[in-house]
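Trainee: I would like to go through this model with short questions. Can we keep to what the atoms show?

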Amino acid sequence: MASPTPLTFSACSSASSSSATLYSIPPDTDCVSDGSFSSAAAGFAPPVEDAAPTAEVPSVYHLSFNQDCGCFVAGLDNGFRIYNTDPFKALFRRDMDSSSPSSSSSRGGIGLVAMLFRCNVLCFVGGGPEPLYPANKVMIWDDHLSRCFGELSFRSEVRNVKIRRDKIIVVLAQKVFVYNFVDLRLVHQIETALNSKGLCEVSHTSSPMLLACPGLQKGQIRIENYGSKKTKFVMAHDSRLACMSMTQDGRLLATASSKGTLVRVFNALDGSLLQEVRRGADRAEIYSLAFSSDAHWLAVSSDKGTIHVFSLKVDSGSLATLSNDRSQVVSAPNPSNGLGISSLSILKGVLPKYFSSEWSVAQFRLPEGSEYLVGFGQQKNTVIIIGLNGSFYRCEFDPVKGGEMTQLEHHNYLSADNFLKPGETFTKTL
């Protein structure tokens, strides 16, 4: 596959330097004054400031949470919108026009958008039947200036983008490219198996970075540790990878295969399997996996319409304990049977693995027919669910009793109209 075209700066460049000042959105605040997320018209493909919100419901091409699930962003057929999650609140709406010669449409379709925590810098890729930008370009947008300040061009479609404060990671169908954020210099490229879903996860609070992506074989994970400069390959599944998620510190990695029945949790530092949980017995397409901030819980969404929350039994000192516990299942005597053999060990050796599986602690049932993503809320024991059909749910689960979750909020985020007005901005900088 050909190498990517180098970064280009043209009419979309906001300054002679490629760097951008980073501003942050304070969580759920009403304070507005001069500062970030200015909607002043300038430069390349700006938001349409004077246009009244259209009554037509836009098509949703892409949804993603920011790194801590405090916000989510929707890529639409006419721009993008950002929302607060806990509690739900509409934050920013940007209706993109075609004022740039580089734009190929009057609709402004965005098929992929990535946030950097609550910063003013986002990455876009065009999408839908009328994309605002080509699908082979990553446009780097500074919402404080309402313009792009750079772009990365490739010879094939961009499948995913990840952003850290020091890196931008671009995923193609069979390659992963790692760039420095400050100068957008290519520092690493990785060959992968066919990766049409753009699977890739990176750590966000650890430095140096850990990166996980598909390896060259079916079901294989490649883990890059940029601190130790070591690469580890892990055979995670017999079938192809379908979904993955990493804790913010990069310590744990969860994976699911195309079968969608089992989810495995690995130590991302050494590649060892820590835990295996079962979503169900029937095949399913896994849409998303998410760790809670304390890594005590793992949430799973799939095309079966049920959100599952699993209890994780791994922490910083649990690997040795877990290994010891497994060996004791076979060797520890069981006085009840008088044979010095664990009855549970015998059953596990005879009955199918299904009967000894770890099942979810809590569930929340959704209408089937739409793709849902799940994350954990800022409040303890809460989950956030967002759907391509415009649905937003915030639910609470009982960590002791488990069972059905309690719905706390439900909104149609596409109907929200209380976005910040043009010119209203935030001032807090990172």
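The exchange below covers the cores, sheets, ring pairs and some single residues.

Trainee: What kind of model is this, and at what pLDDT do side-chain atom pairs count?
Mentor: It is a predicted model, where local features need pLDDT of at least 70, totals for chains, interfaces and linings use all residues, and side-chain atom pairs count only at pLDDT 80 or more. Residues are numbered from 1 along each chain as its sequence is written, and side-chain values use heavy atoms, with hydrogens and water left out. The pLDDT asked for is 80 or more.

Trainee: Which strand gives the largest share of the largest nonpolar core?
Mentor: A nonpolar core is a set of buried Ala, Val, Leu, Ile, Met, Phe, Trp, Tyr and Cys residues joined through side-chain atoms within 4.5 Å. Buried means under 20% relative accessible area, exposed over 50%, partly exposed in between (1.4 Å probe, protein chains only). The largest core has 23 residues, and the elements giving two or more residues to this core include β6 (110-115), β8 (137-142) and β9 (147-153). The largest share, 3 residues, comes from β7.

Trainee: How many residues are in the other core, the one with V60 and A416?
Mentor: That core lies apart from the largest one. Among its members are V60, A74, I386 and A416. The count is 18 residues.

Trainee: Which strands stand at the edges of the β10-β11-β12-β13 sheet?
Mentor: Strands are DSSP runs of E, at least two residues, and helices are runs of H or I, at least four, numbered from the N terminus. Two strands pair if DSSP finds at least two bridges between them. This open sheet of 4 strands is antiparallel. Two of its strands each have a single partner, so one side of each is left without a neighbour: β10 and β13 (186-191).

Trainee: Which residue in β12 is the bridge partner of I168?
Mentor: β11 and β12 pair in the antiparallel sense over 5 bridges. I168 is also one of the residues that touch the most other members of the largest core. Its bridge partner in β12 is Y179.

Trainee: Which residue in β24 stands opposite A299?
Mentor: Look at the open sheet with the order β22-β23-β24-β25-β29 and mixed pairing. In it, β23 (residues 297-302) and β24 (residues 306-311) run antiparallel, joined by 4 bridges. Opposite A299 stands V309.

Trainee: How many residues apart are F72 and Y413?
Mentor: Rings of Phe, Tyr and Trp (its six-membered ring) pair if their centres lie within 6.5 Å; planes under 30 degrees apart count as stacked, over 60 as edge-to-face and the rest as tilted. F72 and Y413 are edge-to-face, at 5.3 Å centre to centre and 75° between the planes. F72 is buried at 0%, and Y413 is buried at 0%. The pair links distant parts of the chain, 341 residues apart.

Trainee: Why is the F154 and Y179 pair edge-to-face?
Mentor: F154 is in the loop between β9 and β10, and Y179 is in strand β12. Both are buried. Their ring centres are 6.5 Å apart and their planes lie at 70°, so the pair is edge-to-face.

Trainee: Is N225 buried or exposed?
Mentor: N225 is found in strand β16 (residues 220-225). It touches M209, L210, K230 and L269, not counting residues up to four places away in sequence; contact means heavy atoms within 4.5 Å. At 17% relative accessibility, N225 counts as buried.
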